[in-house]
There are 2 protein chains.
Amino acid sequence: MSGAPTSSAEPDRPSVWARPERGARGPAPTHSRDQIAAAAVELADADGLAGVSMRAVAGALEMAAGSLYRHLSSRDDLLDLMVDRCVGELRPYPKDGGSWQDQFLLLARRQLALYRRHPWLPDAIARRAVPGPNTLAYFDACLRLLQPVRAGVAAKFEAIAMVTGVVSLFARSAAAAGTVTFDHVDLAAYPHLAAAFAEPPSARPDGDLFERTLRSLLTGLLTTDPA
Amino acid sequence: MSGAPTSSAEPDRPSVWARPERGARGPAPTHSRDQIAAAAVELADADGLAGVSMRAVAGALEMAAGSLYRHLSSRDDLLDLMVDRCVGELRPYPKDGGSWQDQFLLLARRQLALYRRHPWLPDAIARRAVPGPNTLAYFDACLRLLQPVRAGVAAKFEAIAMVTGVVSLFARSAAAAGTVTFDHVDLAAYPHLAAAFAEPPSARPDGDLFERTLRSLLTGLLTTDPA
DNA sequence: CAAAACCGCGAACGCTGTTTGCAGTTTACA
DNA sequence: TGTAAACTGCAAACAGCGTTCGCGGTTTTG
């Protein structure tokens, strides 16, 4: 969901998606992958990513912490599951409406809503999540929307990653507006900061900022691009 | 460095910048704040943010882990120190050259270089770092560059945060290009992904992408903006 | 029916950030 | 000048974390 696709030889941790959901020999697992992911997402929505500890997730499912490792090989696997589960909420993908910019913007709006529902999602994604089926479907849908665009695959992936990133910036700026506070700071040494705060508080930028930003970003990234 | 300034009543953890560097009564500390921050930055540059444990930092300075808490009240404080120290590398700020867009772009380029020197910086900043003197100076310089722009303070802060965010996206995409790998995945269910990989690998987008993106972002965010 | 494979469990390991009591050192004030 | 307060660094400990391991019990395979 970030970065361009290449096949570099990095420390490939074996993804969850490779391992079979359950073995063929033993007793049936008392919990499914989806149940685990759902419980973890619920916990993250409530307490943030830090609240998603193996013990907490296991506790929410009334199982022992170590038992989780029958389903996952690490906490990273759990986060991959969570990410893919939430990306699935983007379905169904826009189809048959307006220009590719319009469609992409619609998708971006849905991403923004998703990131607001799950404020921890950008962080979980930025951690280089291994794409699961839903994430692959998301990329596929993006590429489908970008089909009319005459640009190379690399450029398209760059654009997708950039849009995803900007969307998460908007989600963060909305969620954490007013996070940075300059109170109790001596502004004497910072004349322009001081002047800014002397000014009467201006209205926050209008609501179309999201659309205008993404439109200029998309056209800038994809339309005038050669390759 | 992210988000707009407001004075909301959030759980204000007391910043490092408030506490005096050393008391007036006891023996002289064997290490200064700067030495601690420098050691931590060195560690982060080498091993990433995860490598910056209190014990590791203390070890690099040949002191006990608990002793760090004579200078800092938490690890967050340490990260704040690290961030502000690195932001200081942006000095001196551009002055007297070209249009405000040109000057801001120059600053953005320097930020990009900074983020490449310290790949952990974006993460440390995104964690809502408490602005130190260097960060305040950075904001001050940004506002000075934006002085000719007729836009409200809130819009300017939004723009600054957005530029900072996009710069870190570029830094990440460059550092982690080829991170997401679709190898060993059955692409049968994802026709557009499959088609994308069947295509001969196209050249990566040209180098002016950074400039074009930021220019369109800046003009989109600030020039047509009302108040 | 035996062997292999898998499940869930509880206890442990090493790591983390942080707290605490201690002894020693420097300063401020009467 | 002497004493008390304030500060320093240290070692040890605490709770929490992700993770591993050996156990007994259950299910399937041959």
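Author: Let's start with one term: a helix here is a DSSP run, H or I, of at least four residues, and helices are numbered from the N terminus. Please keep in mind that this is a predicted model.

Reader: Thanks! With that in hand, how many helices and strands does chain A have?

Author: Chain A has nine helices and zero strands. Following the sequence, the pattern reads α-α-α-α-α-α-α-α-α. Of its 227 residues, 39% count as buried. Among the contacts in chain A that link residues at least 6 apart in sequence, 75% bring together residues at least 24 apart.

Reader: Could you show me a single residue? Is A:Val16 buried or exposed?

Author: A:Val16 has 22 other C-beta atoms within 10 Å, and 20 or more is the cut-off, so A:Val16 is buried. A:Val16 sits in the segment before helix H1 (33-47) of chain A. Leaving aside residues up to four places away in sequence, A:Val16 touches A:Leu72, A:Asp77, A:Asp80 and A:Leu81. You can also compare sequence and space: A:Val16 and A:His71 are 55 residues apart in sequence, while their C-alpha atoms are 8.6 Å apart.

Reader: How should I read backbone angles, and where should I look for something less usual?

Author: The general idea is that most residues other than glycine have a negative phi, and most peptide bonds are trans. Let's take phi first. A:Glu62 has a phi near 55°, which is positive although the residue is not glycine. A:Glu62 lies in the loop between H2 and H3 of chain A. With 8 other C-beta atoms within 10 Å, A:Glu62 is exposed. A:Asp96 also has a positive phi, near 55°, and is not glycine. Look for A:Asp96 in the loop between H3 and H4 of chain A. A:Asp96 is exposed too, with 5 other C-beta atoms within 10 Å.

Reader: And the peptide bonds: which one into A:Pro92 should I look at, and is it cis or trans?

Author: It is the bond from A:Arg91 to A:Pro92, and it is cis, with omega near -5°. A:Pro92 belongs to the loop between helix H3 (75-87) and helix H4 (100-117) of chain A. In chain B, the bond from B:Arg91 to B:Pro92 is cis as well, with omega near -5°. B:Pro92 is found in the loop between helix H3 (75-87) and H4 of chain B.

Reader: Now, how do I describe two helices that pack together?

Author: Two packed helices are described by the angle between their axes and the distance between the axes. Try helix H9 (residues 209-223) of chain A with helix H9 (residues 209-223) of chain B: the angle is about 155°, and the axes are 9 Å apart. That angle makes H9(A) roughly antiparallel to H9(B). The crossing is right-handed. From H9(A), the contact uses A:Arg212, A:Thr213, A:Ser216, A:Leu217, A:Gly220 and A:Leu221, and from H9(B) it uses B:Arg212, B:Thr213, B:Ser216, B:Leu217, B:Gly220 and B:Leu221. By class, these contact residues are four nonpolar, six polar and two charged.

Reader: What is the angle between helix H8 of chain A and helix H6 of chain B?

Author: Helix H8 (residues 191-198) of chain A packs on helix H6 (residues 133-145) of chain B at about 70°, with the axes 7 Å apart. H8(A) is therefore roughly perpendicular to H6(B). Here A:His192, A:Leu193 and A:Ala196 meet B:Leu136, B:Phe139, B:Asp140, B:Leu143 and B:Arg144. This contact has five nonpolar, one polar and two charged residues.

Reader: Could we do one pair inside a chain?

Author: Gladly. In chain B, the axes of helix H4 (residues 100-117) and H9(B) come within 11 Å and cross at roughly 130°. That makes H4(B) oblique to H9(B). The crossing of these two helices is right-handed.

Reader: Last one: which residues come nearest to DNA strand D?

Author: Of the 28 residues around DNA strand D, the nearest are A:Ser53, A:Gly66, B:Gly23, B:Gly26 and B:Gly66. Helix H2 (residues 54-60) of chain A contributes the most to this surface, with three residues. By class, the surface near DNA strand D holds 12 nonpolar, 10 polar and six charged residues. Around DNA strand C there are 28 residues, and A:Gly23, A:Gly26, A:Gly66, B:Ser53 and B:Gly66 come nearest. For DNA strand C, the largest share of the surface is three residues from helix H2 (residues 54-60) of chain B.

Definitions and conventions. Residues numbered from 1 in each chain as written. Chains lettered and ligands numbered in written order. Predicted model: local features only at pLDDT ≥ 70, side-chain atom pairs only at ≥ 80, totals over all residues. Near = placed C-beta within 6 Å. Nonpolar A, V, L, I, M, F, W, Y, C, P; charged D, E, K, R; others polar. Axes fitted to C-alpha atoms, helices over the stretch in contact; angles between N-to-C directions. Parallel < 35°, antiparallel > 145°, perpendicular 65-115°, else oblique. Left-handed = near helix turned anticlockwise from the far one by under 90°. Contact = placed C-beta atoms within 7 Å. Buried ≥ 20, exposed ≤ 12 C-beta atoms within 10 Å, placed from the backbone.
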